[in-house]
Amino acid sequence: MEAHNRYQIADDLAAGIASGRYAAGELMPSYQQVVHKYGVSPATARRAYQILRERGLVLGIRGRGIFVTGPGSAPEAV
């Protein structure tokens, strides 16, 4: 059994967004960083970020990463 479940991780990351630790437009930790920090599988890290996407808190951009959403926060395309 994994130490954290996807909902706990999503709530922890959401708290970081709410507190300003992760600002609008800022790059979130990578899946691999979440895997190492929480001791979970890559699938659990992906599911946690899916929860944040469903809540409208983050936006994933293929090849760039996962960014905090907010007014004027969309990263410019390269």
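User: How many helices and strands does the protein have?
Analyst: This predicted model has 3 helices and 2 strands. From the N terminus on, they run α-α-α-β-β. These names come from DSSP runs, numbered from the N terminus: helices are H or I with at least four residues, strands are E with at least two. Two bits of housekeeping. Residues are numbered from 1 along each chain as its sequence is written, and side-chain values use heavy atoms, leaving out hydrogens and water. As the model is predicted, local features need pLDDT of at least 70 and side-chain atom pairs count only at pLDDT 80 or more, while totals for chains, interfaces and linings use all residues.

User: How do you know what span to expect for α1?
Analyst: The expected span of a helix is 1.5 Å times one less than its number of residues. With 14 residues, α1 should span 20 Å, and its end C-alpha atoms are 20 Å apart, so the two agree. You can try α3 as well: it has 13 residues and reaches 18 Å from its first C-alpha to its last, close to the 18 Å expected.

User: Which residues of α1 are called buried?
Analyst: I9, A10, L13, A14, G16 and I17. They cover an arc of only 150° around the axis, which puts them on the same side of α1. That arc is taken from the directions from the helix axis to the C-beta atoms. The face turned away from this side carries the exposed residues A18 and S19.

User: What makes G16 buried?
Analyst: Buried means under 20% relative accessible area, exposed means over 50%, and partly exposed is in between (1.4 Å probe, protein chains only). G16 comes in at 0%, so buried is the right word. Across the protein, buried residues make up 31% of the 78 residues.

User: What covers the buried residues of α1?
Analyst: The cover includes α2, α3, β1 and β2. For G16, leaving aside neighbours within four places in sequence, the contacts are R21 and Y22, where contact means heavy atoms within 4.5 Å.

User: What makes N5 a cap for α1?
Analyst: A side-chain oxygen of N5 lies 2.8 Å from the backbone nitrogen of Y7, at the N-terminal end of α1. A polar contact needs a pair of N or O atoms within 3.5 Å; within protein, one must be able to donate a hydrogen and the other to accept it, and residues adjacent in sequence count only if both atoms are side-chain atoms. The 2.8 Å between N5 and Y7 falls within that 3.5 Å limit. Just after α1, G20 takes a positive phi of about 95°.

User: Why is the pair D11 and R55 called a salt bridge?
Analyst: The rule asks for a side-chain nitrogen of Lys or Arg within 4 Å of a carboxyl oxygen of Asp or Glu. In D11 and R55 the closest N and O atoms are 2.9 Å apart, so the pair passes. D11 lies in helix α1 and R55 in the loop between α3 and β1, so the pair ties together parts that are 44 residues apart in sequence. A search of the whole structure finds 1 salt bridge.

User: Are D11 and R55 buried, exposed or something in between, and how do you know?
Analyst: D11 has 42% relative accessibility, so it counts as partly exposed. R55 has 41%, so partly exposed fits there too.

User: How many aromatic pairs are there, and what makes the geometry edge-to-face or stacked?
Analyst: The structure holds 1 aromatic pair. The rings of Y31 and Y49 have their centres 5.6 Å apart and their planes at 70°, so the pair is edge-to-face. Y31 lies in helix α2 and Y49 in helix α3, so the pair ties together parts that are 18 residues apart in sequence. Here's the rule: rings of Phe, Tyr and Trp (its six-membered ring) pair if their centres lie within 6.5 Å; planes under 30 degrees apart count as stacked, over 60 as edge-to-face and the rest as tilted. As for burial, Y31 is partly exposed at 31%, whereas Y49 is buried at 0%.

User: How do you know that the buried residues of α3 line one face?
Analyst: T44, A45, A48, Y49, I51 and L52 are buried. Seen down the axis of α3, they fall within an arc of 150°, so they line one face of the helix. These residues pack against α1, α2, β1 and β2.

User: And which residues of α2 are buried?
Analyst: V34, V35 and Y38. Their arc is only 105° around the axis, which puts them on the same side of α2. On the other side, H36 and K37 are exposed.
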